[in-house]
Amino acid sequence: MSTKIQIIKRYFRSLFDLKGTQEEELETDREVREGVVFKGKNLWLLAFAIFISCIGLNINSKAAVIGAMIISPLMGPIFGIGFSLGVSDIKLLKVSIHNAFRIVFISLIVATIYYLITPYAIATDELLSFSNPTIFDVLLAFIGGMAGFIAISRHNGTQVLIGVAVATSCIPPLCTASFGLATLQWQYFVGGLYTYFINALFICVGCYIMVKYLKFNPHSTENVKNVTSWFGILIVLAIIPAVYLAYNFAITNLFISKANQLVTNEIDSKYHVVQTKIDDKTKLIEVDVMVEKYDKALQKSIQNQLPKYDLIGAKLRIYQTIEAGTNNAKEFDKLTSEIELLKAEINEIKNK
């Protein structure tokens with residue numbers, strides 16, 4: 001029995017083994033250091049990526065935004081920070097942090113120039129989506145950081161890195177921050193920078209954990225406990241607003257879902273719903289319906305169903321539009337003829 005258990009254990013170890021397909025540590029180290037350096041080619045690629053992302057956000061083009069994230073080289077210094085912490089390389093850490101700040105500075109300048117000169121500097125839905133990060137963005141960045149470093153430590157891991165760049169979305173938040181700076185709308189500036197900071201920080205955390213898990217040899221005997229402690233404090237401070245925003249996001253979606261259920265089950269099943277507006281901030285549900293005859297009791301009858309859908313405290317407004325049917329067709333024809341007569345009289349007055 002014990003032999004079978006050992007065989008099963010060996011099988012699962014081989015199945016989830018990461019060390020077996022890992023490239024030489026020196027090769028991984030070289031790749032990380034090359035990615036950290038931010039000048040020449042990388043600088044131009046970043047500028048192009050920023051412009052493409054700004055245009056994509058301006059016209060609500062997801063394809064353009066994704067393309068910008070793919071060609072952007074800004075992941076290098078972020079992985080450099082996580083790697084240097086994992087291998088206790090203070091020199092590499094300083095260079096990585098320096099280049100990470102350089103990326104933010106250059107990105108803000110380039111994107112702000114774009115939004116200052118373009119006549120289409122408007123707050124699109126795609127743009128605003130990168131100004132309110134939640135705990136889900138934290139999870140994406142953290143898992144993306146782990147996946148990214150696994151790719152770096154393998155041969156031909158480029159495809160995975162491209163996927164990580166798209167999933168973690170580091171470029172668009174900087175464009176959102178620049179839009180806020182160019183238009184002096186500080187909520188977008190702060191929201192965009194916070195979203196970028198969240199993504200970058202937790203990519204570093206994911207990378208750091210994988211470096212430790214893969215047991216990379218320390219590059220020096222310098223003590224980095226103080227540095228990692230500061231990063232721990234940053235992690236806690238960064239998570240608190242993200243959790244709060246995620247809570248609000250969940251509450252909003254829950255209210256909208258319940259309101260839609262009310263409209264579908266209690267109104268749409270009996271009447272033709274023309275339009276529905278749901279305002280989660282004021283808890284207002286507005287519904288336009290087509291009816292054959294005005295129903296005075298409709299508003300009250302639907303209002304009584306609010307507790308059934310856990311919508312106590314919500315406000316409901318139902319607007320009834322009488323549709324042209326056999327019962328009121330004559331009245332509509334009469335109104336139409338009267339309108340035509342009035343038009344004819346107005347034309348006569350104008351001609352005089």
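Visitor: Before we start, what counts as a disulfide here?
Guide: A disulfide is taken to be a pair of cysteine sulfur atoms within 2.5 Å, and by that criterion this predicted model holds zero disulfides.

Visitor: Why is Cys204 not bonded to Cys207?
Guide: The closest cysteine sulfur to that of Cys204 belongs to Cys207 and lies 7.1 Å away, which is too far for a bond. Cys207, for its part, is in no disulfide either, its nearest cysteine sulfur being that of Cys204.

Visitor: And is Cys207 buried or exposed?
Guide: Cys207 is buried, with a relative accessible area of 0%, and Cys204 also counts as buried, at 6% relative accessibility.

Visitor: Switching to the sheet, what is the strand order?
Guide: The order is E1-E2-E3, in an open sheet of three strands with mixed pairing. E1 and E3 stand at the edges with a single partner strand each, so one side of each has no neighbour in the sheet. Ignoring direction, neighbouring strands of this sheet are turned against each other by 15 degrees on average.

Visitor: In which sense do E1 and E2 pair?
Guide: Strand E1, residues 272-279, pairs with E2 in the antiparallel sense, over seven bridges. As one example of the register, Val273 stands opposite Val289 in E2.

Visitor: How many residues sit between those two strands?
Guide: There are four residues between E1 and E2, which together form a hairpin, and in the turn Lys283 has a positive phi of about 60 degrees.

Visitor: What about E2 and E3, parallel or antiparallel?
Guide: Strand E2 (residues 284-291) and strand E3 (residues 315-322) pair in the parallel sense, and eight bridges run between them.

Visitor: Which residues of E3 face Glu286, Val289 and Met290?
Guide: Glu286 stands opposite Arg317 in E3, Val289 has Gln320 as its bridge partner in that strand, and Met290 stands opposite Thr321. Val289 therefore has a place in both pairings, given that Val273 of E1 stands opposite Val289 as well.

Visitor: Which helix goes with E2 and E3?
Guide: Helix H13, residues 298-303, combines with E2 and E3 to make a right-handed β-α-β unit.

Visitor: New topic: how does the length of H6 compare with what its residue count should give?
Guide: The two agree, because the 28 residues of helix H6 (residues 90-117) should span 40 Å at 1.5 Å a residue, and the end C-alpha atoms are 41 Å apart.

Visitor: What caps the N-terminal end of H6?
Guide: Asp89 does, with a side-chain oxygen lying 3.3 Å from the backbone nitrogen of Lys91. Asp89 itself is placed in the loop between helix H5 (75-86) and H6.

Visitor: Is Asp89 buried or exposed, and which side chain does it contact?
Guide: Asp89 is buried, with a relative accessible area of 9%, and a polar contact of 2.5 Å joins its side chain to that of Arg33.

How values were computed: Residues are numbered from 1 along each chain as its sequence is written. This is a predicted model: local features need pLDDT of at least 70, side-chain atom pairs count only at pLDDT 80 or more; totals for chains, interfaces and linings use all residues. Side-chain values use heavy atoms; hydrogens and water are left out. Two strands pair if DSSP finds at least two bridges between them. A crossover is right-handed if, with the strands pointing away from the viewer, the path from the first strand over the helix to the second runs clockwise. Buried means under 20% relative accessible area, exposed over 50%, partly exposed in between (1.4 Å probe, protein chains only). Axes are lines fitted to C-alpha atoms, for helices over the stretch in contact, and angles run from 0 to 180 degrees between N-to-C directions. The expected span of a helix is 1.5 Å times one less than its number of residues. A polar contact is a pair of N or O atoms within 3.5 Å; within protein, one must be able to donate a hydrogen and the other to accept it, and residues adjacent in sequence count only if both atoms are side-chain atoms.
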